[in-house]
Amino acid sequence: MTLSFNISSNHVIPPRPTRPQSRVPESASHLTSTKPNSSIQHTNTRRCICYDVYKQVVPFAEAWSWQKSIVDQRKSLMVDGNEDELDSLIVLQHQPVYTLGTASSEDNLSFDVKDSPLPLYQTERGGEVTYHGPGQLLLYPILNLRFQKMDLHWYMRALEEVVIRVLFSAFSLKASRVEGLTGVWVGDKKLAAVGIRVSKWLTYHGLALNVSTDLSPFSRIIPCGIKDRGVGSIKELLRGSNKPSSISGYQYEDDGKLIDIAHESLLKEFCEVFQLELCHQSVSILRSLDR
């Protein structure tokens, strides 16, 4: 089964069923999830290998290849009945790039696809065209939903929930979902895009959060095919708000500090929503898979 979804609703994410614990390499270092929120009602903690290079700007094609390599490896293990293999999470930024989803239309581009101002990739994720670039944090979870909840609506809402919690807890920004649309919004500005692919209940692609992103490349496209709403960033919203001149003691004009704060909160809330324990490993392992 291979599915792509680009769907949204405003319901609260329901609790998932319990599932067995998984194995973890003894050499891995751990970041333990925080105490679960009572509305999630999780039990048991599953381990997740985290390839965290959030300060690096990685070409999209390289990170895309990493994801597909992990998914292929997981599928081969599932054939042998080993479905308890660890989940994975890749965290990074991208070099400037446009990506197209399975629902993409060239009508949402202001340029000819043969003469794109930036690298342009047609992908297998759900959704429309979007932009990725420095200052935007990407989370690419490769999760086996058999150990979470076998419900793609639940998974999309759970990814959105991660961002909604981050924006409120770390930046005091009240974000929400918009009925019929995917992603996370503050007012009429979209701060986070969500696009996924699920194959044999293994997820890949994921979410992108605009932290200090240069928003000008979005002007060359109709982001996510939505004509009547804009795109925003955490930095832009903090600058235009009446909030204090610093968040958690850091000047919000400092892009690096904003990225650090958002990154720390994203990992914390990701662990809480999915009740995972992150086991950090070197990205060199991923690069070896492509050789």
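Strands here are DSSP runs of E covering at least two residues, numbered from the N terminus, and I begin with that because the strand labels I use throughout, β10 among them, rest on it. The model we are looking at is a predicted one.

Let me start with the cavities, where that definition is needed. The count comes to 2 cavities of 30 Å³ or more, and the largest cavity holds about 60 Å³ of space. Which strand gives the most to the lining of the largest cavity? That is β10, with 3 residues, while β10 and β11 each supply at least two residues of this lining. Among the residues that line the largest cavity are Lys190, Ala192, Ala193, Ala208 and Asn210, together with others including Phe218, Pro223 and Cys224.

Two of those lining residues also meet in the strand pairing, since I can point to Ala208 in β11 as the bridge partner of Ala193. Strand β10, residues 189-199, runs antiparallel to β11, and 8 bridges join the two. They form a hairpin with 2 residues between them, and in the turn Lys200 has a positive phi of about 55°.

Strand β11 also pairs with β8, residues 136-142, again in the antiparallel sense, over 4 bridges, and here Ala208 of β11 is the bridge partner of Leu138. As for how enclosed this strand is, 9 of the 9 residues of β11, which covers residues 202-210, are buried, so β11 is largely enclosed by the rest of the structure.

Now to the helix I would like you to look at, α2, which covers residues 152-171. Its 20 residues should span 28 Å at 1.5 Å a residue, and the C-alpha atoms at its ends are 28 Å apart, which agrees. Is this helix enclosed or open? Of its 20 residues, 17 are buried, so α2 is largely enclosed by the rest of the structure. At the N-terminal end, Asp151 acts as the cap, with a side-chain oxygen that lies 2.9 Å from the backbone nitrogen of His153, and after the helix comes Ser172, whose phi is positive, near 55°.

Finally, a residue outside the helices and strands: Asn108 has its place in the loop between β5 and β6. Is Asn108 buried or exposed? Buried means under 20% relative accessible area, and Asn108, at 8% relative accessibility, therefore counts as buried. Leaving aside residues up to four places away in sequence, Asn108 touches Glu128, Val129, Ile221, Ile222 and Gly225.

Terms used:
Residues are numbered from 1 along each chain as its sequence is written. This is a predicted model: local features need pLDDT of at least 70, side-chain atom pairs count only at pLDDT 80 or more; totals for chains, interfaces and linings use all residues. Side-chain values use heavy atoms; hydrogens and water are left out. Buried means under 20% relative accessible area, exposed over 50%, partly exposed in between (1.4 Å probe, protein chains only). Two strands pair if DSSP finds at least two bridges between them. Contact means heavy atoms within 4.5 Å. The expected span of a helix is 1.5 Å times one less than its number of residues. A polar contact is a pair of N or O atoms within 3.5 Å; within protein, one must be able to donate a hydrogen and the other to accept it, and residues adjacent in sequence count only if both atoms are side-chain atoms. On a 1 Å grid over the protein atoms alone, a cavity is a set of points where a 1.4 Å probe fits but cannot get out, and a pocket is an open set with protein on both sides within 12 Å along at least five of seven lines; lining residues have an atom within 4 Å of a point. Grid points are joined across faces, edges and corners, and a volume is the space filled by probe spheres set on the points.
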